[in-house]
Amino acid sequence: MKKSLLVFCTLILLVTFESQAQVSAGVYRLSSATFAAIGTDPDQKIFGEARISTGWRVDLEGTFGYNFVQTSDVNFYSGFHIGGRRGFYAGIPLGLLVKPFSNKDFGLMMEASPIFTSGPEYFRAGLGLKYTFR
């Protein structure tokens, strides 16, 4: 557990330095787990995020994305996940970040992703909240 915490803190620091003081934080309820996340500005063309799953199974995940569609109200992205503390896994997310309020720093995230593991593959999907500190 100490190694996992050290790796997660290192990822947070790397993401913070890369983001040039624009950091996003989020909480996502996906079908496989609930994730707490910190990442770079999701309004950039390329962005990254470090996620930690909570609950009875704690895993670390890196998510890297590319915005194919960017407007002031919606971002549509895809990319890849890599992670796992109890076994490596990878995934290909398809996500939508919707910013329906006048404050465009707050958004609702919807994401779906096939997950490939050494065991049985599965599909996860869910919703979340994301806020960007500018």
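Glu61 sits in strand S4, which covers residues 60-70. In this predicted model, Glu61 is buried, with a relative accessible area of 0%. The chain around Glu61 has one helix and nine strands. Two cavities of 30 Å³ or more turn up in the count.

**Glu61 and its surroundings**

- Glu61 counts as buried because its relative accessible area is 0%, and the cut-off for buried is under 20%.
- The side chain of Glu61 makes a polar contact with the side chain of Thr63, at 3.2 Å.
- Which residues touch Glu61, once neighbours within four places in sequence are set aside? They are Phe35, Glu49, Ala50, Arg51, His81, Ile82, Gly83, Tyr89 and Arg124.
- Two of these contacts, Glu49 and Arg51, also appear in the lining of the second largest cavity.
- Thr63, the polar partner of Glu61, is in that lining too.

**The chain as a whole**

- The protein chain has 134 residues, and buried residues make up 40% of them.
- Along the sequence the pattern reads α-β-β-β-β-β-β-β-β-β.
- Take the contacts between residues at least 6 apart in sequence. Of these, 40% join residues at least 24 apart.
- In a regular strand, side chains alternate between the two faces of the sheet.

**Strands S1, S2 and S3**

- Strand S1 spans residues 23-30 and strand S2 spans residues 34-39.
- S1 and S2 run antiparallel, joined by six bridges.
- Ser24 has Gly39 in S2 as its bridge partner.
- The link from S1 to S2 is a hairpin through three residues.
- S2 also pairs with S3, again in the antiparallel sense and over six bridges.
- Here Ile38 is bridged to Ala50 in S3. Ala50 is also one of the residues in contact with Glu61.
- A hairpin through six residues leads from S2 to S3.

**Strands S4 to S7**

- S4, the strand of Glu61, runs antiparallel to strand S5. Nine bridges join S4 and S5, and S5 covers residues 74-83.
- Asn67 stands opposite Tyr77 in S5.
- The hairpin from S4 to S5 passes through three residues.
- How many bridges join S5 to strand S6? There are three, and these strands run antiparallel, with S6 at residues 89-91.
- His81 faces Gly91 of S6 as its opposite residue. His81 is among the contacts of Glu61 as well.
- S5 and S6 form a hairpin with five residues between them. In the turn, Gly84 has a positive phi of about 115°.
- S5 pairs with strand S7 (residues 94-98) too, in the antiparallel sense over five bridges.
- Tyr77 stands opposite Gly95 in S7. Tyr77 thus has Asn67 and Gly95 as opposite residues.

**The largest cavity**

- Rolling a probe the size of a water molecule over the atoms shows where empty space is left.
- The largest cavity holds about 40 Å³ of space.
- Its lining consists of Pro42, Asp43, Leu97, Lys99, Lys104, Asp105, Phe106, Gly107, Lys130, Thr132 and Arg134.
- Strand S8 (106-117) and strand S9 (122-133) are the elements that give two or more residues to this lining.
- What classes of residue line the largest cavity? Six are charged, three are nonpolar and two are polar.

**The second largest cavity**

- The second largest cavity holds about 30 Å³ of space.
- Tyr28, Phe47, Glu49, Arg51, Thr63, Tyr77, Met109, Glu111 and Lys130 line this cavity.
- The elements giving two or more residues to this lining are strand S3 (46-54) and S8.
- Which element gives the most to the lining of the second largest cavity? S3 does, with three residues.
- By class, this lining has four nonpolar, four charged and one polar residue.
- Lys130 is in the lining of the largest cavity and in that of the second largest.
- Tyr77, met above opposite Asn67, is also one of the lining residues of the second largest cavity.

Notes: Residues are numbered from 1 along each chain as its sequence is written. This is a predicted model: local features need pLDDT of at least 70, side-chain atom pairs count only at pLDDT 80 or more; totals for chains, interfaces and linings use all residues. Side-chain values use heavy atoms; hydrogens and water are left out. On a 1 Å grid over the protein atoms alone, a cavity is a set of points where a 1.4 Å probe fits but cannot get out, and a pocket is an open set with protein on both sides within 12 Å along at least five of seven lines; lining residues have an atom within 4 Å of a point. Grid points are joined across faces, edges and corners, and a volume is the space filled by probe spheres set on the points. Helices (H or I, at least four residues) and strands (E, at least two) are DSSP runs, numbered from the N terminus. Ala, Val, Leu, Ile, Met, Phe, Trp, Tyr, Cys and Pro count as nonpolar, Asp, Glu, Lys and Arg as charged, and the others, Gly among them, as polar. Buried means under 20% relative accessible area, exposed over 50%, partly exposed in between (1.4 Å probe, protein chains only). A polar contact is a pair of N or O atoms within 3.5 Å; within protein, one must be able to donate a hydrogen and the other to accept it, and residues adjacent in sequence count only if both atoms are side-chain atoms. Contact means heavy atoms within 4.5 Å. Two strands pair if DSSP finds at least two bridges between them.
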